[in-house]
Amino acid sequence: MSERGRVTLRGIRKVFGKFVALDGIDLDIEPVEFFALLGPSGSGKTTTLRLIAGLDTPDEGTLSVDGVDVTFAPPGERDVAMVFQNYALYPHMTVRDNIAFPLKMAKVDSSSIDALVHEAAARVRIDHLLHRRPGQLSGGQQQRCALARAIVREPKLFLLDEPLSNLDAQLRLETRVELKKLQRNLNVTAIYVTHDQEEAMTLADRMAVFLEGGIKQVGTPSEVFDRPNCVEVAAFIGSPPMNIVPAHLDGSALTIEGHNVPLSRTFDRAPGPITVGIRPGHLRIDPDGIPTQLYLSENLGESRLLNLKLGDVLVKMRVAQTEPIVDGETVPIAFDAESLHLFDADTGLRVEAD
Amino acid sequence: MNVHRRARLGRTVVLMVVASALLLVWVLPLIWAFIVSLKSEREVLAYPPSVVFDPTSLNYVDALFGDFSIIDSLMTSAIVSSATTVLTIVLAVPAAYAFARLRLPAKRSLGFYTLATQMVPPVGLVIPYFLILNRVGWLDTYHGMIIVYLTFSLPFAIWLMVSYMEDIPWEMEEAAFLDRASRLQTLWHIIIPQVRGGIAVTVIFIFLNAWNEFLFAVQLGGNTVRPVTVAMYNFVSVEQTLWAKLSAAALVAMLPVVVIGIAAQKQIVKGLTVGAVKGGARQ
Amino acid sequence: MHAGERRFALAITTPGLLVLILTTTFPLMYLVWSSFQTINLAMPFLDGFAGVDNYVQMWSDSRFWHAIQLTAIYTVSSVTLQILIGLGLALLVMQIPAGQWIFRIVAILPIVLAPVVVGLFWRTLMLSPNFGLVDYFVQMLGFEQVNWLGAPTPALISVIIIHTWQWTPFAFLVLLASLASLPLDVYEAARIDRANAFQRFWHITLPLLRPAIVIVVIIRAMISLAAFAAIFAATGGGPGTASEILNLYAFKTSFVELNFGYGSALAVSLLVITMVVSGVLFHLRTARHKVGQP
């Protein structure tokens, strides 16, 4: 619908005392996308969100929204709305007054306020709770109240700071779906911070993976999942995460624990150590394969997860429930050569074939 | 009843007896004051003190409407205490907000200064106040007295309100900020409503302390400004003490604070402990 | 952005701060100034700059040292009694299954009364010879009649009793609330570890209560040093100077003898003592924390 809500960050650097939260990042967020900022705690994702919101200012770099430089503009001038992790609802006001507050501050006339409040509340299905106070609501209802307060102004940017982390597992799954649909219906740019990579994978149109104050990779969930561009990203994405195994590469000959794994591609590199990544689902049991020791078998209900000792490394492999495996047994595994990821042993960056 | 049960019951009974006996130590003087206030001046002098007598309400009538009526004093106390309370709250609440939640320049030094002003013994202030007010002709005036009363009310109110201000979650300002509220609007619409309880407790304490104040009242007041604490001395002189009337007058004078004390007992205790434990922890 | 916050914070603090400076710092400076003057409203022809004369006089004034001694006795004994009795009562009342509220209400009453009224009540209704309750009980129990307010030592004891009577409930209420907030599981663990009641008190209750006790001590000590109205009403500092703690001496010198210069000096010394005592107490408090005490 609109070109509203394009966010551009250039060279953003933010330091807290001695701690470098963001080390010169660049980011482009397209209008109307659902963009996830994914990373572990302390990686800089929440800092980035707060800079976009205007709650903090960067030490270096520029931030623009729809072409307008807003690096130092206060939140009020940015047309952004935010859902906080702990919701930050005003406990002394009713749900109605909470939702109406931003409109009141924007000096919207009172006759319009009522209609807008009802509409926002109806969108998140809490219009029957308007006269209650936050203290009388359940966790899920509070969260929806926070959502309603954010959407009632029809902002350009819709910022969410780990909004699902305070909900129980079941509610989290349900709300996830609703959030995505809401964003689609509202046709607004959403920027979503999370440490849960599964959440990011299911919700985002595109995501940025943050690690230690920098952005390691930007792309769609498939891109990040199928082609992680460094070993850190590879190890972070996926559940369970990718197995990382040291190996030796010579041309097209890959050696893992003394066993040969033939590759279909050739790599123009000097022979030497290499880091191999392989997803648990891309391993299979092969009598001619590399022997591993079964360390522990985890029952996941629909499948089993085998923890196998390969040399010094513990490797996870997914098998069907019916597979007969006994503790302490030697399990020979084979790698699916097409699904291997190769990373430079020193830099950790992805290595491509010629 | 088995052995353990009996022992525990016995223990509880002993405890309650001892506790009640100790309770009497605090209750007795007050009950006695009340009894005395119902006696006639002659009856009062009987010794051993009589417990059975003809109660009379004459003393109360006298205290309120007689020669030494304390009604004017009650008015004075009400005016001075209320004005002090209102002024104090208006000045203290924003200042406490700045101390507790904002980037106030020189916060630590200012905080220390505010704390230090509470340490000044009143006698150290009444002397200069007397000299100063005398010079500007503000002795025995309402405005003079109220300003002086701010001395002990304001630092205490700030100190107390800071505790309550700190209890609000930190995201409140940020959420309001994003909702386009100015700092002033945030203070008024978001912060103050959430510390309503704390303000109530502070009001109670300020009012109580102002009502009960004596030293400033007696030295800096006069015939115009004569709070109840000073009016007590209407009934005490070198020649004689009008025991019964004094009791009646004192009980009437203390009625407002006693009523507040009993009604707001939970808040007062909470205020005492908040100030005591949290405020202490903050040092 | 932060500059705006700083400006706003300063703006809303300034009115209160100005009033504070006006009502406390300014008079204090005046007090210190007058302590270096001779200001005698009875003999105004003596007025003028006095340098340190007042302080020199103070140093060799036995009544001054007597007042300090009395202040120390008064403060230390009253605060100690308040804590001991208050704590004992709190422990006692904690054990009572029902009716704790009665104690809380009764405890509130002495605290909300005006100290001057408390002083007057005790002077008239309790301690008067041949009239007061205390006098009556003393005689009934067969003891010698004590001249509570007319003899030096009993007078000092009386004012200490009065102050303790009024403020022990404060310690009681604060400690009761603290006791009620202590975590139960620590006690349960102790009982399983076979600690008896006294051991539980000594090793668990007391250390956990220490912060509250310390704060009560500090607050009550500060108030004791400044306590005026009750003593004034009960004994007026007498008989003679038997109960004349320092602030009463400063008061009398200024408002009875009208020697404001010397009275100011006395008040300044009380101020210094108060600051020193509070400094020491606070230091002790934070030092405790550093040593790892709870």
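A residue counts as buried when its relative accessible area is under 20%. The legends below describe close-up views of a predicted model.

**View 1. Asp79(A) sits in a loop of chain A with a positive phi.** The loop runs between strand 5 (68-69) and strand 6 (80-83). Asp79(A) has a relative accessibility of 16%, so this residue counts as buried. Its phi is near 60°, a positive value in a residue other than glycine.

**View 2. A cis peptide bond joins Ser239(A) to Pro240(A).** The omega angle of this bond is about -5°. Pro240(A) belongs to the loop between helix 8 (231-236) and strand 11 (243-250) of chain A.

**View 3. Ala146(A) is a buried residue of chain A.** Helix 4, residues 139-151, holds Ala146(A). Its relative accessibility is 2%, and therefore it counts as buried. Which residues does Ala146(A) contact, leaving aside its neighbours within four places in sequence? They are Val83(A), Tyr87(A) and Leu89(A). Ile99(A) is 47 residues away from Ala146(A) in sequence. In space, their C-alpha atoms are 7.8 Å apart.

**View 4. The charged end of Arg149(A) sits over the ring of Tyr90(A).** The distance to the ring centre is 4.7 Å. For the wider setting, chain A has eight helices and 19 strands. Of its 354 residues, 53% count as buried. Its C-alpha atoms fill a box of roughly 75 × 45 × 40 Å along the principal axes. Among contacts in chain A with a separation of 6 or more, 65% join residues 24 or more positions apart.

**View 5. Arg101(B) lies over the face of Trp170(B).** Here the ring centre is at 4.7 Å.

**View 6. Arg180(B) is a loop residue with a positive phi.** Its phi is about 70°, although Arg180(B) is not a glycine. The loop lies between helix 8 (171-178) and helix 9 (183-194) of chain B. Is Arg180(B) buried or partly exposed? At 30% relative accessibility, Arg180(B) counts as partly exposed.

**View 7. Phe156(B) and Trp159(B) form a tilted aromatic pair.** A pair of aromatic rings is described by the distance of the centres and the angle of the planes. Over all chains, the count comes to 25 aromatic pairs. In the pair of Phe156(B) and Trp159(B), the centres are 6.2 Å apart and the planes meet at 35°. Both residues belong to helix 7 (residues 142-166) of chain B. They are three residues apart there, so about one helical turn separates them. Phe156(B) is buried at 18% relative accessibility. Trp159(B) is buried too, at 17%.

**View 8. Phe228(C) and Phe232(C) are stacked.** Their ring centres are 5.3 Å apart and their planes lie at 20°, so the pair counts as stacked. Phe228(C) is buried, with a relative accessible area of 6%. Phe232(C) is partly exposed, at 23%. Both rings are part of one aromatic cluster. Its other members are Phe130(B), Phe214(B), Tyr233(B), Phe251(C), Phe255(C) and Phe260(C).

**View 9. Thr75(C) is buried in chain C.** Its place is in helix 3, residues 62-95. The relative accessibility of Thr75(C) is 10%. Leaving aside neighbours within four places in sequence, Thr75(C) touches Ala221(C), Ser224(C) and Leu225(C).

**View 10. Helix 5 of chain C is mostly covered.** This helix spans residues 115-126. Ten of its twelve residues are buried. Among them are Val116(C), Gly119(C), Phe121(C), Trp122(C) and Met126(C). What covers these buried residues? The cover includes helix 1 (3-37), helix 12 (228-231) and helix 13 (243-263) of chain B. From chain C it includes helix 6 (133-140), helix 7 (152-180) and helix 10 (229-234).

**View 11. The second largest cavity has a lining from chains B and C.** The whole structure holds five cavities of 30 Å³ or more. Rolling a probe the size of a water molecule over the atoms shows where empty space is left. The second largest cavity holds about 90 Å³ of space. Leu23(B) and Trp26(B) line it, along with Leu89(C), Phe103(C), Val106(C), Ala107(C), Pro169(C) and Phe172(C). How do these lining residues divide into nonpolar, polar and charged, and what are the counts? Eight are nonpolar, with no polar and no charged residues. Helix 4 of chain C gives the largest share of the lining, three residues. Helix 1 of chain B and helix 7 of chain C each supply at least two.

Key:
Residues numbered from 1 in each chain as written. Chains lettered and ligands numbered in written order. Predicted model: local features only at pLDDT ≥ 70, side-chain atom pairs only at ≥ 80, totals over all residues. Heavy atoms only, no water. Helix = DSSP H or I, 4+ residues; strand = E, 2+ residues; numbered from the N terminus. Buried < 20%, exposed > 50% of the residue type's maximum accessible area, 1.4 Å probe, protein only. Contact = heavy atoms within 4.5 Å. Phe/Tyr/Trp six-rings, centres within 6.5 Å; stacked < 30°, edge-to-face > 60°. Lys NZ or Arg CZ within 6 Å of the ring centre and 35° of its normal. 1 Å grid on protein atoms, 1.4 Å probe; cavity = no way out; pocket = protein on both sides within 12 Å on 5 of 7 lines; lining within 4 Å. Points joined across faces, edges and corners; volume = space filled by probe spheres on them. Nonpolar A, V, L, I, M, F, W, Y, C, P; charged D, E, K, R; others polar.
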